[in-house]
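Student: I am new to this structure and would be grateful for a close look at a single part of it. Please choose one pair of elements and place that pair in the wider chain.

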Amino acid sequence: MEEIKPTFRVEGTSRGLPEVKRLHLPGIILKSDCPRCGRECSVDLADEYLSYGEAEATFYCGGCERAGVESDWTICFQGEVRLLPLDE
Ligand SMILES: [Zn+2]
């Protein structure tokens, strides 16, 4: 009897990030240039996390903090989760 390989499909459209309280993504680093001094700042999602229901990251600039000026800003973005079958 010929073996039938099972199929795999994902249907629908994601409505935001998965419902997890703290979404860590080790290996992913978000980067943004400080809107005041231009310094490149980063959010490492191995250490930091995205909060439940939000697709945004808050960046902090140590240089601006030391200078006593506003040192944080938030970037909103769309998260995406991909579900891919593995070859066996
Ligand atoms: Zn700055």
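Tutor: Let us begin with one residue pair: F59 has W73 as its bridge partner in β6. The next pair to note joins Y60 with D72, the latter again in β6. These pairs belong to the pairing of β5 with strand β6 (residues 72–76), where 5 bridges join the two strands and the direction is antiparallel. Please bear in mind that this is a predicted model.

The two faces of β5 deserve attention. In general, the side chains of a regular strand alternate between the two faces of the sheet. In strand β5 (residues 56–60), A57 and F59 form the covered face, whereas E56, T58 and Y60 form the uncovered one. The two bridged residues discussed above therefore fall on opposite sides of this division, F59 on the covered face and Y60 on the uncovered one. The partner strand β6 is hardly covered: of its 5 residues, the number that count as buried is 0.

We may now turn to the helix. G63 is a residue of helix α1. Is G63 buried or exposed? It is partly exposed, because 14 other C-beta atoms lie within 10 Å, while a buried residue would need 20 or more. Setting aside neighbours within four places in sequence, G63 has contacts with C37 and R39. R39 is 24 residues away from G63 along the chain, and their C-alpha atoms are separated by 7.9 Å.

The surrounding chain gives these details their setting. The protein chain contains 1 helix and 6 strands, and their order from the N terminus is β-β-β-β-β-α-β. Of its 88 residues, 5% count as buried. Its radius of gyration is 19 Å, whereas a compact globule of 88 residues would have one near 12 Å. Along the principal axes, the C-alpha atoms fill a box of roughly 75 × 25 × 20 Å. Among contacts between residues at least 6 apart in sequence, 44% join residues at least 24 apart.

Finally, a word on confidence. The average pLDDT of the protein chain is 86, and 92% of the residues score at least 70. Helix α1 (residues 62–67), the home of G63, has the highest confidence, at a mean of 96. Strand β4 (residues 50–51) has the lowest, at a mean of 77. As a general rule, predicted coordinates should not be read in detail where pLDDT is low.

Methods:
Residues are numbered from 1 along each chain as its sequence is written. This is a predicted model: local features need pLDDT of at least 70, side-chain atom pairs count only at pLDDT 80 or more; totals for chains, interfaces and linings use all residues. pLDDT is the predictor's confidence in each residue, from 0 to 100. Helices (H or I, at least four residues) and strands (E, at least two) are DSSP runs, numbered from the N terminus. The radius of gyration is taken over C-alpha atoms; the globule rule is 2.2 Å times the number of residues to the power 0.38. A residue is buried if 20 or more other C-beta atoms lie within 10 Å of its own, exposed if 12 or fewer, and partly exposed in between; C-beta atoms are placed from the backbone. Two residues are in contact if their C-beta atoms, placed from the backbone, lie within 7 Å. Two strands pair if DSSP finds at least two bridges between them.
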